[in-house]
Amino acid sequence: MEDYGYGTGRRLNPANDKRGIAHKISISGRTEGTITGVEEVNEFDNDAISLDTSMGRLIIKGHELHVKRLNLEKGEVDIEGSVDSFYYTSKKDNESVLKRLFK
């Protein structure tokens, strides 16, 4: 079975995955999940979690969201709460928005 990054249509390989940790999202019942290939947790609150992954910045939106477990050495994060959506953005896009806000 081939491992594909969600929404990328590209097979994960060392060229796509900078740290050699496959990026994978597993959500169970929209209330808990595990994400691998995590490089950094940027920010989180009850309504959103922002993570830098080996496949780009991942934004998870929902309600009562919590980071249950974080292991950056293994590149793993466990979350819980009510997940409404998740999507990827470019790290540069988010940084330029923040820079414009704080000028």
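Trainee: How many salt bridges does the structure hold?

Mentor: The structure holds 4 salt bridges, and since we are looking at a predicted model, please keep in mind that every distance we discuss comes from predicted coordinates.

Trainee: Okay, which residue does R57 meet in a salt bridge?

Mentor: The side chain of R57 meets that of D52 in a salt bridge, with 2.7 Å from N to O.

Trainee: And R57 itself, buried or exposed?

Mentor: R57 counts as buried because its relative accessibility is 7%, which falls under the 20% limit for that class.

Trainee: What about D52, buried or exposed?

Mentor: D52 is buried as well, because its relative accessible area is 6%, and in the fold D52 has its place in strand β4.

Trainee: Which other side chain does D52 contact?

Mentor: A polar contact of 3.0 Å joins the side chain of D52 to that of N42, so if you centre your view on D52 in strand β4, you can follow the salt bridge to R57 and the polar contact to N42.

Trainee: Changing topic, which residues are linked in a network of salt bridges?

Mentor: The network of salt bridges links R69, E76 and D78. R69 pairs with E76, where the closest N and O atoms are 3.1 Å apart, and R69 also pairs with D78, where the closest N and O atoms are 2.8 Å apart.

Trainee: Why can side chains like that pair at all?

Mentor: In general, side chains of opposite charge can pair when their charged atoms come close.

Trainee: Where does D78 fall, buried or exposed?

Mentor: D78 is buried, because its relative accessible area is 14% and the cut-off for buried is under 20%.

Trainee: And what are the relative accessible areas of R69 and E76?

Mentor: R69 has a relative accessible area of 32% and is therefore partly exposed, while E76, with a relative accessible area of 21%, is partly exposed too.

Trainee: One more topic: which residues gather in the patch of negative charge on the surface?

Mentor: That surface patch of negative charge is formed by E43, D45, D47 and E64.

Trainee: Where does D45 lie?

Mentor: D45 lies in the loop that runs between β3 (38-44) and β4 (48-53), and because its relative accessibility is 44%, D45 counts as partly exposed.

Trainee: So how should I describe D45 next to D52 in my notes?

Mentor: I would write that D45, a member of the negative patch, is partly exposed at 44% relative accessibility, whereas D52, which sits in strand β4, is buried at 6% and forms a salt bridge with R57.

Technical notes
Residues numbered from 1 in each chain as written. Predicted model: local features only at pLDDT ≥ 70, side-chain atom pairs only at ≥ 80, totals over all residues. Heavy atoms only, no water. Patch = residues over 30% accessible without salt bridge, like charges linked within 9 Å, V, L, I, M, F, W, Y side chains within 5 Å. Areas by Shrake-Rupley, 256 points an atom, 1.4 Å probe, with all protein chains shown as cover. Lys, Arg positive; Asp, Glu negative; His and termini not counted. Charge placed at Lys NZ, Arg CZ, Asp CG, Glu CD. Helix = DSSP H or I, 4+ residues; strand = E, 2+ residues; numbered from the N terminus. Buried < 20%, exposed > 50% of the residue type's maximum accessible area, 1.4 Å probe, protein only. Polar contact = N/O pair within 3.5 Å; in protein donor to acceptor, adjacent residues only side chain to side chain.
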